[in-house]
Amino acid sequence: MKRTSSEPATSVAPAKKPSTLNNIDGFIADSIPPHHYHLGEYNYVMVSDFEDVINVHIRKFRTDENGRIFPTKKMVLVFDL
């Protein structure tokens, strides 16, 4: 049985919170952001903690025509360490 809501039903989906890992403006090799570690070629490791949980992202990056480095969708996420 569904609960009834006093709120009117709308078809608009709530806005998603942007990811800080995917929503960066890129960087250059001389200014790697904090918690990013270069593994060689276009591979980087990013380490973050949230609510006492350490997350490790191993991600492939790409370079645009201006030399800025951006993340790709190719990644491995290790969490709950």
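This is a short talk on a predicted model of one protein chain, going from its overall make-up to its core and then to a few single residues.

Thank you all for coming; let me begin with confidence, since we are looking at a predicted model. The average pLDDT of the protein is 77, and 68% of the residues score at least 70. Over residues 16-23, however, the pLDDT is below 50, and this stretch has five contacts in the model beyond its near neighbours in sequence. Where pLDDT is low, the predicted coordinates should not be read in detail, and I will leave that stretch there.

Now to the overall make-up. The protein has four strands and zero helices, and if you follow the sequence from start to end you read the pattern β-β-β-β. There are 81 residues in the protein, and 21% of them count as buried. As for the accessible surface, the total comes to about 7,100 Å², with 55% of that belonging to carbon and sulfur atoms. If we take the contacts with a separation of 6 or more, 30% of them are between residues 24 or more positions apart.

Which residues make up the largest nonpolar core? There are five of them, namely Phe27, Tyr44, Met46, Phe61 and Ile69. As background, nonpolar side chains in soluble globular proteins tend to be buried together. Two members of this core can be given with their values: Tyr44 has a relative accessibility of 3% and Phe61 a relative accessible area of 2%, and both fall under the 20% cut-off, so both count as buried. Another member, Ile69, touches Phe27, Tyr44 and Phe61 from the core, and its further contacts, leaving out residues up to four places away in sequence, are Gly26, Ile28, Ala29, Arg62 and Thr63.

Let me stay with the rings for a moment. A pair of aromatic rings is described by the distance of the centres and the angle of the planes. The count for this protein comes to three aromatic pairs. In one of them, Tyr44 with Phe61, the ring centres are 4.9 Å apart and the planes stand at 65°, over the 60 degrees that the term requires, so this pair is edge-to-face. The pair also links distant parts of the chain, because Tyr44 belongs to strand S2, residues 43-50, while Phe61 belongs to strand S3, residues 53-63, with their positions 17 residues apart. Taken together, ring pairs join Phe27, Tyr44 and Phe61 into a cluster.

Next I would like to turn to His36, which lies in strand S1. Is His36 buried or exposed? With a relative accessible area of 13%, His36 is buried. Its side chain reaches the backbone oxygen of Pro34 at 3.2 Å, and, apart from neighbours within four places in sequence, His36 is in contact with Phe27, Val45, Met46 and Phe61. Three of these, Phe27, Met46 and Phe61, are also members of the largest nonpolar core.

Finally, a word on the backbone around this strand. His35, in the segment before strand S1 (36-40), has a positive phi, near 70°, in a residue other than glycine. Glu41, which sits in the loop between S1 and S2, is not a glycine either, and yet its phi is positive, at about 50°. Unlike the buried His36, Glu41 is exposed, with a relative accessible area of 69%.

That is where I will stop, and I am glad to take questions.

Notes. Residues numbered from 1 in each chain as written. Predicted model: local features only at pLDDT ≥ 70, side-chain atom pairs only at ≥ 80, totals over all residues. Heavy atoms only, no water. Core = buried A, V, L, I, M, F, W, Y, C linked by side-chain atoms within 4.5 Å. Buried < 20%, exposed > 50% of the residue type's maximum accessible area, 1.4 Å probe, protein only. Contact = heavy atoms within 4.5 Å. Phe/Tyr/Trp six-rings, centres within 6.5 Å; stacked < 30°, edge-to-face > 60°. Helix = DSSP H or I, 4+ residues; strand = E, 2+ residues; numbered from the N terminus. Areas by Shrake-Rupley, 256 points an atom, 1.4 Å probe, with all protein chains shown as cover. Polar contact = N/O pair within 3.5 Å; in protein donor to acceptor, adjacent residues only side chain to side chain. pLDDT = per-residue confidence, 0-100.
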